[in-house]
Each structure stands twice: as C-alpha cells, then as structure tokens.
Amino acid sequence: MPGKKKSKKSKSAREESASPREPEDPIAANVRVPPPPRPGESLRALLLNRQVDEKELLGMKISSRVLEQLTPQEIRELKMVFDVFDTNSSGTVDAQKLRRAFRVLGFKMSKEDVREMMFNVTKKAKGEIDFNEFLEMVIERQGDSRDIYEEIKQGFKMMDYDDTGKITVGNLKQACKDAGIRFTDREIHEMVEEADVNGDNAVDEEEFINIMLKTNLF
C-alpha cells in the first residue's frame, strides 16, 4: 500500500504561519480618518467639512448651522456678550438676562418674544438657554437689529487717541474734554480703575466692552 505523500509548504508559507498576526480591529477598519488640513485652511472650513451635527470651537459645542452663519470671530464676540450676563458662570442665562443681552445686540424684543424664541429653540419650557441656543436665536434675529456692540467698539477706537489698543487716564480726560463733560481727576481715575481688570492702569477693548455692557452705558 503506497504511503501518503507529505504535503510540502513553501518557505514563504512557513514564514507567514510562524509570525503571529495582529488581530484586525473591525471598528478601525471602517473608520475613515480625515486628512490633515492644508496650510492656510481656515478653522471654520475644516470644521464645516466634518460631517457631524456639532463641532467644538474655542472649547464650546457649536452646531453646524451656527458655523455656516457666523464666523469664529463673531462667535467669540458673542461669547463675550453672553458671559457678561451669565453672572453666576453656569453656562446658561434666563429670559430676563437674555432680553438684556439682545438689547445690547440691538434687538428689540418683548418679554413674550423672548419666551417664544426660547421655546422654539429649546423645544422645552425650561426657562434658560445655553450659549449654542443663544447663537441660534441671534441667527434667527439677524437683519433687524441696531448693532450696539459694534457701536461700543467704535466708541473705544475714538477714545484710543494713541492707537495703542488701550484707553489711559489721559485718553479719558481728552475724551471728556472733547465731549464737553466735566469730571474731576479723581473721578476719571476711579472710572479707569473700575474697568481695569488686569491691573495695567489702562482699559483695553475687552475691558471697555465689559464695563459698558454691565453699566448699560450705551
């Protein structure tokens, strides 16, 4: 009876069976890793190309709809306004504070208008909205506002006589003189001290905007 022939494995087959294979990750195999951004590609364009409902911008969750309507700079400036009225740093504002924030942005809204918009955005009668919901409401009201925020920025530029990005005691004195308003030196120093958050004895644009919004001086 003829003996069975032994099957011979090729050298490459033996080597392949000798080296253990790493287990294939079925999830990773189906995930498409997006290519890195090209030099000069804007953050906004990069985020919009990622097909998800929400993105993170400046550490915040921002919806795709908002990113399509507002630039990153506009979102940053609106965050400054939102933070002024988010007095307890909870990440939300109620109807009363929201109405004041919209007044700053130049939107004339009744209490009923605010409540209705809050419900339309949140779909819940929860009484407060977060920053992304705030942005959604801003988008809804665009086109029918007086831009008080921009007017405050223009006011800062007018008082920044030296074009240094800061208003000093001397600048404020000159602005009061030009406007025909009389304040004592002590009062002017106190105004600068109240607005000066970082302690550099001057008021930068962000500090100027914050003090104007908090004191309703517009």
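**Exercise 1. Identify the buried residues of helix α11 and work out where on the helix they sit.**

Step 1. In this predicted model, in which local features need pLDDT of at least 70, side-chain atom pairs count only at pLDDT 80 or more, and totals for chains, interfaces and linings use all residues, the buried residues of α11 are I188, V192 and A195. Residues are numbered from 1 along each chain as its sequence is written, and side-chain values use heavy atoms, with hydrogens and water left out.

Step 2. Buried here means under 20% relative accessible area, exposed means over 50%, and partly exposed lies in between, with a 1.4 Å probe and protein chains only. Helices (H or I, at least four residues) and strands (E, at least two) are DSSP runs, numbered from the N terminus.

Step 3. The buried residues of α11, viewed down its axis, fall within an arc of 70°, so they line one face of the helix; the arc is that of the directions from the helix axis to the C-beta atoms.

Step 4. On the face of α11 turned away from its buried side are the exposed residues R186, E193 and E194.

**Exercise 2. Find what the buried residues of α11 pack against, and follow the residue V169.**

Step 1. The buried residues of α11 pack against α10, β6 (203-204) and α12 (205-215), where contact means heavy atoms within 4.5 Å.

Step 2. V169 is found in helix α10, and at 17% relative accessibility this residue counts as buried.

Step 3. Leaving out residues up to four places away in sequence, V169 touches I188, H189 and V192, and two residues named among the buried ones of α11 are I188 and V192.

Step 4. The C-alpha atoms of V169 and E193 are separated by 9.5 Å, although these residues are 24 residues apart along the chain.

**Exercise 3. Determine which residues are linked with R65 in a network of salt bridges, and which parts of the chain they tie together.**

Step 1. A salt bridge is a side-chain nitrogen of Lys or Arg within 4 Å of a carboxyl oxygen of Asp or Glu, and by this rule the count comes to 8 salt bridges.

Step 2. E136 forms a salt bridge with R65, with the closest N and O atoms 2.4 Å apart. E136 lies in helix α8 (residues 131-141) and R65 in helix α4 (residues 64-69), so the pair ties together parts that are 71 residues apart in sequence.

Step 3. E140 also forms a salt bridge with R65, and here the closest N and O atoms are 2.7 Å apart. Since E140 lies in helix α8 and R65 in helix α4, this pair ties together parts that are 75 residues apart in sequence.

Step 4. R65, E136 and E140 are thus linked in a network of salt bridges. Within it, E136 counts as buried at 15% relative accessibility, whereas R65 counts as partly exposed at 34%.

**Exercise 4. Describe the salt bridge between D185 and K173.**

Step 1. The closest N and O atoms of D185 and K173 are 3.5 Å apart.

Step 2. This pair links distant parts of the chain, with D185 in helix α11 (residues 185-195) and K173 in helix α10 (residues 169-179), 12 residues apart.

Step 3. D185 counts as partly exposed at 46% relative accessibility, and K173 counts as partly exposed at 32%.

**Exercise 5. Describe how helices α7 and α8 cross, and which residues meet there.**

Step 1. Two packed helices are described by the angle between their axes and the distance between the axes.

Step 2. The axes of helix α7 (residues 111-122) and α8 come within 10 Å and cross at roughly 115°; axes are lines fitted to C-alpha atoms, for helices over the stretch in contact, and angles run from 0 to 180 degrees between N-to-C directions.

Step 3. From α7, the residues V114, M117, M118, V121 and T122 meet E133, E136, M137, E140 and R141 in α8.

**Exercise 6. Locate S89 and N201, and say what their phi values show.**

Step 1. S89 lies in the loop between α5 and β3 (92-94), and its phi is near 55°, a positive value in a residue other than glycine.

Step 2. N201, in the loop between α11 and β6, has a positive phi of about 65° although it is not a glycine.

Step 3. S89 counts as exposed at 65% relative accessibility, and N201 is exposed with a relative accessible area of 62%.
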